[in-house]
Amino acid sequence: RNAKRDRTGVVVWTAETATTHRADLRQLTELRTGIRAGHLRLHYQPLYRARSREIDGAEALVRWQHPQRGMLPPGVFLPDAERSDVILELTDWVLAEAVHQTALWHRAGFDVPVSVNLSAAYLAQDRAVPTILALLDLERLPARLLMVEITETAVLTRPDQAAARLAAIRAAGIRVAIDDFGTGYTSLGLLPELPIDELKIDRSFVMRMHDSPARATIIDSVIAIARSLDLTVVAEGVEDEPTAAALAEAGVDLLQGYHLDRPQPADQLESKFTQSSDGSTGHPALVGF
Ligand code: C2E
Ligand code: MG
Ligand code: MG
Ligand code: MG
């Protein structure tokens, strides 16, 4: 990504390129230290039922509370982490923290399913599934309250292995979502073979869908496919009410986006459950608009 190409398309290795790569390595070392020092944070972005606008889950999204640079979004450090084994240590931390938080909510009477993003390299480890099951056991969290999100690309790296791992995850009662759906190259023929529960339509199709007939058509097609395979459909990146209304009308099950809620620390979200939950049913919040 830092390499430059000349007019014939040949990659030119510049001094600037080399410097950037050294800087990335330094950041990676710093990230590893930061993980061990407890500098990672999870923010949770709620998912809302499209029709009732009730909270029906939350996605855990990692941030790095850097001592000098402030709160860093994953785009700044994840790509580097994913090119190294730092992603494994990072994911172990994210899983442990998310399962712990979900168990705290569960014990407080809020059954909020939380989803965690798993990278391809994490899933490729033999220990991936046993590690996740051990965490559920440790925190006494019902498996139905955990969900994992995998991108199409992660599945396609080794489709047979990924399918076997996802099947083991689902056999334990954990749900599985395909993230950023539509941006990868999943053949439609592969989709029925995948042991999954949910499709998350990438936000590039969702944003400005109301003034793009092409995007709306893609969304309608994904909904039709999901219906025929009995999968839940989520739209991410919902930034305005016309889009939210159109998605609900089209038959999307769950909505996620800045229009509904930003990713936020657990305690902020928790106060939202408490505000509007009646407490007796243990159901999460009903938030009005
Ligand atoms: P993602 O899994 O597709 O997560 C959704 C991203 O879209 C989040 O960005 C979220 O803040 C952002 N978003 C939500 N609603 C809107 C909206 O209405 N408009 C716009 N423009 N954006 C919206 P974030 O938190 O920066 O995360 C970016 C990506 O980093 C995630 O995309 C995911 O692929 C990855 N990621 C985040 N946390 C983790 C993690 O713990 N592990 C792994 N492996 N990847 C993670
Ligand atoms: Mg995700
Ligand atoms: Mg996503
Ligand atoms: Mg996305």
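Donors, in this tour, are N, O and S atoms within 2.8 Å of the metal; water is not among the atoms, so a site may look incomplete. The structure on display is a predicted model.

**Stop 1: the magnesium ion (ligand 4)**

Select the magnesium ion (ligand 4) together with D180 and E236, its protein donors. D180 contributes an OD atom and E236 an OE atom, at 2.2 to 2.5 Å from the ion. Now trace the backbone from one donor to the other. D180 belongs to strand β8 (residues 175-181) and E236 to strand β10 (residues 232-236), so many residues intervene: the two are 56 residues apart, and the pair links distant parts of the chain.

Is each of these donors buried or exposed? D180 has a relative accessible area of 24% and is partly exposed, while E236, at 10% relative accessibility, counts as buried. The cut-off explains this, because buried means under 20% relative accessible area.

Before leaving, select the magnesium ion (ligand 2) as well; 5.8 Å separates it from the magnesium ion (ligand 4).

**Stop 2: the backbone at D180**

Keep D180 selected and display its backbone. D180 lies in strand β8, and its phi is near 50°, a positive value in a residue other than glycine. Most residues other than glycine have a negative phi.

**Stop 3: the magnesium ion (ligand 3)**

Next, select the magnesium ion (ligand 3). Which residues supply its protein donors? They are D179, through an OD atom, and E236, through an OE atom, at 1.9 to 2.0 Å from the ion. This pair, too, links distant parts of the chain, with D179 in strand β8 and E236 in strand β10, 57 residues apart. Both D179 and E236 are buried.

**Stop 4: the magnesium ion (ligand 2)**

From D179, move to the magnesium ion (ligand 2). D179 coordinates this ion as well as the magnesium ion (ligand 3), and the two ions are 3.5 Å apart. The protein donors of the magnesium ion (ligand 2) are E59 (OE), N117 (OD1), E149 (OE) and D179 (OD), at 2.0 to 2.2 Å from it. Along the chain, these donors follow the spacing E-x57-N-x31-E-x29-D.

Select E59 and N117 to see how this site joins separate stretches of sequence. E59 is in strand β4 and N117 in strand β6 (residues 114-117), so the pair ties together parts that are 58 residues apart in sequence. E59 is buried, with a relative accessible area of 5%; N117, at 30% relative accessibility, counts as partly exposed.

**Stop 5: ligand 1 and its pocket**

Now select ligand 1 and display the residues around it. There are 22 of them, and the closest are R63, D179, R203, E239 and Y258. D179 is already familiar as the residue that bridges the magnesium ion (ligand 3) and the magnesium ion (ligand 2).

Three of the contacts may be inspected one by one:

- R63: an N or O atom in its side chain is 2.8 Å from an oxygen atom of ligand 1.
- D179: an N or O atom in its side chain is 2.8 Å from an oxygen atom of ligand 1.
- R203: a polar side-chain atom lies 2.8 Å from an oxygen atom of ligand 1.

How much of the accessible area of ligand 1 does the protein cover? On its own, ligand 1 has 800 Å² of accessible area, and the protein covers 85% of it. Ligand 1 occupies the space of the largest pocket. The elements giving two or more residues to the shell around ligand 1 are β4 (55-66), α2 (74-82) and β8. The largest share, four residues, comes from β4.

**Stop 6: R53**

Follow the chain to R53, which lies in the loop between β3 (40-49) and β4. Its phi is near 60°, a positive value in a residue other than glycine. R53 counts as buried, at 13% relative accessibility.

**Stop 7: D230**

Finally, select D230, placed in the loop between α9 (213-228) and β10. Is D230 buried or exposed? With a relative accessible area of 71%, D230 is exposed. To end the tour, draw a line from the C-alpha atom of D230 to that of Y48: the two atoms are separated by 19 Å, and the residues are 182 residues apart along the chain.

Key
Residues are numbered from 1 along each chain as its sequence is written. Chains are lettered from A and ligands numbered from 1 in the order in which they are written. This is a predicted model: local features need pLDDT of at least 70, side-chain atom pairs count only at pLDDT 80 or more; totals for chains, interfaces and linings use all residues. Side-chain values use heavy atoms; hydrogens and water are left out. Donors are N, O and S atoms within 2.8 Å of the metal (3.2 Å for Na, K and Ca); water is not among the atoms, so sites may look incomplete. Buried means under 20% relative accessible area, exposed over 50%, partly exposed in between (1.4 Å probe, protein chains only). A residue is near a molecule or strand if one of its heavy atoms lies within 4 Å of it. A polar contact is a pair of N or O atoms within 3.5 Å; within protein, one must be able to donate a hydrogen and the other to accept it, and residues adjacent in sequence count only if both atoms are side-chain atoms. Accessible areas come from the Shrake-Rupley method with a 1.4 Å probe; for residues, only the protein chains shown count as cover. On a 1 Å grid over the protein atoms alone, a cavity is a set of points where a 1.4 Å probe fits but cannot get out, and a pocket is an open set with protein on both sides within 12 Å along at least five of seven lines; lining residues have an atom within 4 Å of a point. A molecule sits in a cavity or pocket if more than half of its atoms lie within 2 Å of its grid points.
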